[in-house]
Amino acid sequence: MGDWTGVLHLDAEARKGKTVAKNVYFQGAFKVMRPIYHDDSGQACYYLLNPGGGYLDGDRYKMKISLDENARLTLTTQGATKIYKTPKNYAYQESEIFLGAGSYLEYIPDPLIAYQNAKYKQKNVIRMDRSATFLYSDILTPGWSPGGERFSYKTVQLLNEIYMDDELVVYDHIKLNPAEQNIKGLGFMEGYSHLGSMIVISALANSTFLDQLYSALDVKSYDCKVGLSLLPVQGFTIRVLAYSTQFIEKIFSDIHQMISQEWFQTKPSPLRKY
């Protein structure tokens, strides 16, 4: 296992209309629960467990997820990812995701909470077939600090690289460095405390759908900022700046529901965590 704190490999395939794991391997402080099937669509839902309760100094996690042709999978966590103070080395998580033809992955982890003096780096590398669909979101929340300061973590870096036919089509990089930047200022968080990002890539993500999305997201009535950008491939990315996690979750959940209904005539499964 080398110097990894936790390793997880999951290979899934579609078998008789149901997505099943053909290979699951985990080691160290990383586990995955047995799949749950929320409805009769055959889509499997896996919960990732980090039994350690939080990421500590120098923790390193590696995850490999692979979906064969037409496999459909929801991947989520069982609770927020908490990054505690990392005095020496940053905590690191790396994910490699392979999506075969016609496959569908929604990767919706719970929020990432960075506590005082936390340093964290996360890298997701996705290699997908042009006919696959990928939906990913993350929410960054500042953790509690004894002095009540909002941005007491040191640095958080979130990196997403998406490849199609071995060509880099999306490069998405967020680096927040409160120790050195005026994070509350313009151009960073603009006074907001929580940041949400969502990436959706699918041949079904056409301009008509985006117009529908724009109309449905009545964000003017909220105390937040929402930006929607088209990607160089069929898909879009959304950023939300807000004052609470629940708020961003609500917006992401609305988008998720629209996607499920419009594209697949299904409802997203409820990802209950209690």
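Trainee: Which residues does Tyr37 touch, leaving out those up to four places away in sequence?

Mentor: In this predicted model, Tyr37 touches Lys18, Thr19, Val20, Gly42, Gln43 and Ala44.

Trainee: And where does Tyr37 sit?

Mentor: Tyr37 is in the loop between strand S3 (31–32) and strand S4 (44–49). With a relative accessible area of 28%, Tyr37 is partly exposed.

Trainee: How far is Tyr37 from Tyr61 in space?

Mentor: Their C-alpha atoms are 26 Å apart, and 24 residues separate Tyr37 from Tyr61 in sequence.

Trainee: Let's move to Lys62. Is Lys62 buried or exposed?

Mentor: Lys62 counts as buried because its relative accessibility is 18%, and the cut-off for buried is under 20%. Lys62 belongs to strand S5 (residues 60–67).

Trainee: What does Lys62 touch, again without residues up to four places away in sequence?

Mentor: Its contacts are Trp4, Gly6, Val7, Leu8, Phe30, Glu94 and Glu96.

Trainee: Gly6 is on that list. Where is Gly6, then?

Mentor: Gly6 is part of strand S1 (residues 6–15). At 0% relative accessibility, Gly6 is buried. From Gly6 to Ser131 the C-alpha distance is 31 Å, with the two positions 125 residues apart in sequence.

Trainee: New topic. How many helices and strands does the protein chain have?

Mentor: There are two helices and 17 strands in the protein chain.

Trainee: What can you tell me about the span of helix H2?

Mentor: Helix H2 covers residues 245–264, which is 20 residues. From first C-alpha to last, H2 reaches 27 Å, close to the 28 Å expected at 1.5 Å a residue.

Trainee: Which residues of H2 are buried?

Mentor: They are Thr245, Ile248, Ile251, Phe252, Ile255, His256, Met258, Ile259, Ser260 and Trp263.

Trainee: Why might the spacing along a helix matter here?

Mentor: An α-helix has 3.6 residues a turn, so residues three or four places apart point the same way.

Trainee: What covers the buried residues of H2?

Mentor: The cover includes helix H1 (207–216) along with strands S9 (104–108), S12 (133–142), S15 (194–201), S16 (225–230) and S17 (235–242).

Trainee: What about Asp254?

Mentor: Asp254 is in helix H2 too, and is partly exposed at a relative accessible area of 24%. Asp254 and Phe209 are 45 residues apart in sequence, with 14 Å between their C-alpha atoms.

Trainee: Which backbone angle should I look at in Asp166?

Mentor: Look at phi: Asp166 has a positive value of about 65° although it is not a glycine. Most residues other than glycine have a negative phi. Asp166 lies in the loop between strand S13 (155–164) and strand S14 (167–176), and counts as exposed at 70% relative accessibility.

Trainee: And what is phi for Gln265?

Mentor: Gln265 has a positive phi too, near 50°. Gln265 is in the segment after H2 and is exposed, with a relative accessible area of 62%.

Trainee: Back to the whole chain. What is its radius of gyration?

Mentor: The protein chain has 18 Å, which agrees with the value near 19 Å for a compact globule of 274 residues. Its C-alpha atoms fill a box of roughly 55 × 50 × 40 Å along the principal axes.

Trainee: And what share of the residues is buried?

Mentor: Buried residues make up 52% of the 274. As for the exposed surface, it is about 12800 Å², and carbon and sulfur atoms supply 49% of that.

Terms used:
Residues numbered from 1 in each chain as written. Predicted model: local features only at pLDDT ≥ 70, side-chain atom pairs only at ≥ 80, totals over all residues. Heavy atoms only, no water. Helix = DSSP H or I, 4+ residues; strand = E, 2+ residues; numbered from the N terminus. Rg over C-alpha atoms; globule rule 2.2 N^0.38 Å. Buried < 20%, exposed > 50% of the residue type's maximum accessible area, 1.4 Å probe, protein only. Areas by Shrake-Rupley, 256 points an atom, 1.4 Å probe, with all protein chains shown as cover. Expected span 1.5 Å × (residues − 1). Contact = heavy atoms within 4.5 Å.
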